[in-house]
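Visitor: I would love a guided close look at one part of this protein, with enough of the surroundings to place it. Could you take me through it at an easy pace?

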Amino acid sequence: MLNVMREPMQSTSQMTKPLPYDVVALVLQGGGALGAYQAGVYEGLHEAGIRPNWLAGISIGALNAAIIAGSPEAERVDRLRKFWESICATPVEWPAGEGLANALPFAFDMRSAHNAFAAMRALFQGQPGFFKPRFPPPFLSPFSGDAATSFYDTAPLHQTLERLVDFDRLNSGEVRVSVGAVNVRTGNLTYFDTAQRRLGPKHFTASGALPPGFPAVEIEGEHYWDGGVVSNTPLSRVLSGEPRDTLTFQIDLWSARGRVPYDMMEVSSRQKDIQYSSRTRAVTDHALRMQTLRQALRKTIEKLPESAMQDPEIRAIAEMARHRSYNIVHLIYQTKIHEGHSRDYEFGLNAMRAHWQSGLDDIRRTLADPRRLDPPPLELGIVTHDVHRRD
């Protein structure tokens with residue numbers, strides 16, 4: 001049994017929590033400004049002593065993964081906070097601040113207006129340390145390449161990653177990191193993985209290069225866009241690898257379930273939910289079929305004579321058929337009534353802090369029942385938990 005990754009601790013509050021799994025994975029979906037929810041979840045895991053040893057992310061999830069894996073253990077939450085406060089900073093704060101919005105009886109409308117203002121600011125001014133608008137815009141650009149194929153320049157993000165991420169630490173092997181991007185030429189989803197290569201700022205900016213806003217990123221002669229163009233959640237990357245006992249914290253920013261829209265604004269919002277939500281049921285159904293196949297193989301091997309186990313191929317099959325436990329703890333950001341279709345680019349500080357707190361509250365609520373971290377029963381082999389699930 002392999003415990004989660006650990007470093008020398010300075011106090012008992014930073015001790016890691018031993019868990020009966022080979023892999024403790026943190027799976028982070030794409031979702032722009034909503035990614036602060038993932039940072040809040042990580043803070044809750046950190047305070048509970050849970051240290052993932054595999055981080056898999058796409059888009060904003062990849063950026064959060066870079067900050068976590070590229071920071072000393074004791075500084076991970078602080079580095080995440082610096083990152084989010086940096087990319088959500090504004091030169092001049094809107095006069096109707098958080099205190100006023102909470103005090104007035106029409107606070108709902110104030111929050112909606114505040115978020116809409118943040119979204120408009122992001123569209124026209126960009127976000128510091130993240131992206132800036134191109135001038136002239138791409139349809140007026142006299143040049144080809146990035147200037148003609150994207151509305152924003154992501155050079156500030158590259159600089160932010162270089163400032164906040166220790167890439168030697170990220171590539172040290174202490175924590176495995178996998179980030180997804182789409183090859184623009186072939187249309188295939190590719191994972192950049194520290195188990196196979198050294199990762200740098202370009203791999204993470206590629207994972208978040210959502211067109212047509214951001215330009216494709218060239219890596220080794222190929223160009224890559226945001227992995228969410230094909231698949232917005234890297235759960236299958238974690239579960240389809242070498243079979244090992246795995247505890248997965250899957251942190252999603254879009255909910256597949258929702259009401260039927262009643263106006264065009266809700267149509268746009270609901271379309272995003274469906275387009276970018278996880279296909280968790282399909283992935284877990286596949287994992288369950290594999291568990292059933294392993295059980296059948298084990299029963300078949302038990303019927304073979306003992307001499308058959310001398311065959312290297314039979315031994316290899318027996319190893320593949322060995323029982324594995326999969327526990328998926330699923331947290332999904334719950335959209336608030338005052339949030340609209342622009343919630344993924346509402347980079348205001350107030351919205352960011354609310355998202356962060358929601359993530360922290362949800363993981364604390366999840367971990368309040370320690371049984372959620374237990375391996376599944378032997379006859380099942382896989383179990384999922386979701387504190388928001390109603391059925």
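Visitor: Before we zoom in, what radius of gyration would a compact globule of 391 residues have, and what does the chain have? After that, please take me to the loop between helix 11 and helix 12 and tell me what Ser-277 touches there.

Guide: Happy to, and please keep in mind that this is a predicted model. A compact globule with 391 residues would have a radius of gyration near 21 Å, and the chain has 22 Å, so the two agree. Along the principal axes, the C-alpha atoms fill a box of roughly 75 × 50 × 50 Å. The chain is built from 14 helices and eleven strands, and 52% of its residues count as buried. If we take contacts between residues at least 6 apart in sequence, 72% of them join residues at least 24 apart. The accessible surface comes to about 18,700 Å², and carbon and sulfur atoms account for 57% of that. As for charge, there are 43 positive and 44 negative side chains, with the centres of the two sets 2 Å apart.

Now to your loop. Ser-277 sits between helix 11, which covers 264–276, and helix 12, which covers 280–302. With a relative accessible area of 7%, Ser-277 is under the 20% limit and therefore counts as buried. A polar atom of the Ser-277 side chain lies 3.3 Å from the backbone oxygen of Ile-274. Setting aside residues up to four places away in sequence, Ser-277 touches Gln-29, Trp-254, Ser-255, Ala-256 and Lys-272.

Gln-29 is a good one of these to follow. Gln-29 belongs to the loop between strand 1 (23–28) and helix 1 (36–47), and its relative accessible area is 0%, so Gln-29 is buried. Its side chain reaches the backbone nitrogen of Trp-254 at 3.1 Å, and Trp-254 is also among the residues that Ser-277 touches. The side chain of Gln-29 makes a polar contact of 2.9 Å with the side chain of Ser-278 as well. Put together, Gln-29 touches Ser-277, has a polar contact with Ser-278 and reaches the backbone of Trp-254.

For the wider setting, let us visit another loop, the one between strand 3 (132–133) and helix 6 (146–149). Pro-136 is found in this loop, and a cis peptide bond with omega of about 0 degrees joins Phe-135 to Pro-136. Arg-134 lies in this loop too, between strand 3 and helix 6. At 18% relative accessibility Arg-134 falls under the 20% limit, so Arg-134 counts as buried. The side chain of Arg-134 reaches the backbone oxygen of Asp-146 at 3.4 Å. Apart from neighbours within four places in sequence, the contacts of Arg-134 are Asp-146, Ala-147, Ser-150, Phe-151, Tyr-152, Asp-153 and Pro-215. For a sense of scale, the C-alpha atoms of Arg-134 and Asp-361 are 38 Å apart, with their positions 227 residues apart in sequence.

Helix 6 itself holds Ala-148, which is partly exposed because its relative accessibility is 33%, between the 20% and 50% limits. Ala-148 is in contact with Pro-138, Ser-141 and Phe-143, again leaving aside neighbours within four places. Pro-137 is eleven residues from Ala-148 in sequence, and their C-alpha atoms are 7.7 Å apart.

A few backbone details are worth a stop before we finish. Most residues other than glycine have a negative phi, and most peptide bonds are trans. A second cis peptide bond to look at joins Pro-211 and Pro-212, with omega of about -5 degrees. Pro-212 is in the loop between helix 9 (201–207) and strand 7 (217–219).

Two residues that are not glycine have a positive phi to look at here. Ser-59, with phi of about 60 degrees, lies in the loop between strand 2 (54–58) and helix 2 (60–69). Glu-220, with phi of about 50 degrees, is found in the loop between strand 7 and strand 8 (222–226). Their surroundings contrast: Ser-59 has a relative accessible area of 11% and is buried, whereas Glu-220 is at 70% and counts as exposed.

Key:
Residues numbered from 1 in each chain as written. Predicted model: local features only at pLDDT ≥ 70, side-chain atom pairs only at ≥ 80, totals over all residues. Heavy atoms only, no water. Helix = DSSP H or I, 4+ residues; strand = E, 2+ residues; numbered from the N terminus. Rg over C-alpha atoms; globule rule 2.2 N^0.38 Å. Buried < 20%, exposed > 50% of the residue type's maximum accessible area, 1.4 Å probe, protein only. Contact = heavy atoms within 4.5 Å. Areas by Shrake-Rupley, 256 points an atom, 1.4 Å probe, with all protein chains shown as cover. Lys, Arg positive; Asp, Glu negative; His and termini not counted. Charge placed at Lys NZ, Arg CZ, Asp CG, Glu CD. Polar contact = N/O pair within 3.5 Å; in protein donor to acceptor, adjacent residues only side chain to side chain.
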